[in-house]
Amino acid sequence: SENPIYNSKLYDILPYKGDARGSDFEGFYKINSITINFVHAPKTFTNFTTNNYTVGYITTQNVPANDFATINAINNWTTITNKSINNTNKTVTYTGIPEGVTGLVFNMQLEGLEYIEILLNMTPTGPQEEGDLYINGFYQYGQGQSEQVHSNHVAVQVYGHLDVTKIWQD
């Protein structure tokens, strides 16, 4: 958009067992860090860091992955407070995220003709089985928008494991 998107909420509804998208897996995962890259959004970066916009999470197992109106009405997001700002690289990184997160919300004003990248560094916890299926989706809402934006569901499937007991032998 050429115009700013005020009061934008970007929602990342993560896979969880039994979600309406068909995720089916053993174990779980932990989000080690979240990095928002503003390299293509310098005005948005300035607004985000100056106005102290927030990133929040929820651990509810019944986040309605296909029901945007209900997602937008959730008001008990927990704010992630452990963040570091890199002014040179125009990134904001969040750490200290608890295990069991099923949804993220990014609150900000997106400036016109700019875009951001959101990178999640995740580690599986517990058993990961061949055939496990993780399905993710992303939604965006902004004040004054005529339509909400949502991504296609993205699926990742575990196909097998490589068990290595020796990493070096002389």
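This briefing describes two pockets and one buried arginine in a predicted model. Local features require pLDDT of at least 70 and side-chain atom pairs count only at pLDDT 80 or more, while totals for chains, interfaces and linings use all residues. Residues are numbered from 1 along each chain as its sequence is written, and side-chain values use heavy atoms, with hydrogens and water left out.

**Largest pocket**

- The largest pocket holds about 350 Å³ of space; a pocket is an open set of points on a 1 Å grid over the protein atoms alone where a 1.4 Å probe fits, with protein on both sides within 12 Å along at least five of seven lines.
- It is lined by 17 residues (each with an atom within 4 Å of a point), and Pro15, Tyr29, Met122, Tyr134 and Val156 are the closest to its centre.
- Strand 8 (117–125) is one of the strands that supply at least two lining residues, and its four residues form the largest share; strands are DSSP runs of E with at least two residues, numbered from the N terminus.
- The lining comprises 12 nonpolar, four polar and one charged residue, where Ala, Val, Leu, Ile, Met, Phe, Trp, Tyr, Cys and Pro count as nonpolar, Asp, Glu, Lys and Arg as charged, and the others as polar.

**Second largest pocket**

- The second largest pocket has a volume of about 180 Å³, the space filled by probe spheres set on the points.
- Among its 13 lining residues, Ile5, Leu110, Glu114, Tyr115 and Gln140 are the closest to the centre.

**Arg21**

- Arg21 lies in the loop between strand 1 (5–13) and strand 2.
- Arg21 counts as buried because its relative accessibility is 10%, and buried means under 20% relative accessible area with a 1.4 Å probe, protein chains only.
- The side chains of Arg21 and Asp19 are joined by a polar contact of 2.9 Å, that is, a pair of N or O atoms within 3.5 Å, one able to donate a hydrogen and the other to accept it.

How values were computed. Buried < 20%, exposed > 50% of the residue type's maximum accessible area, 1.4 Å probe, protein only.
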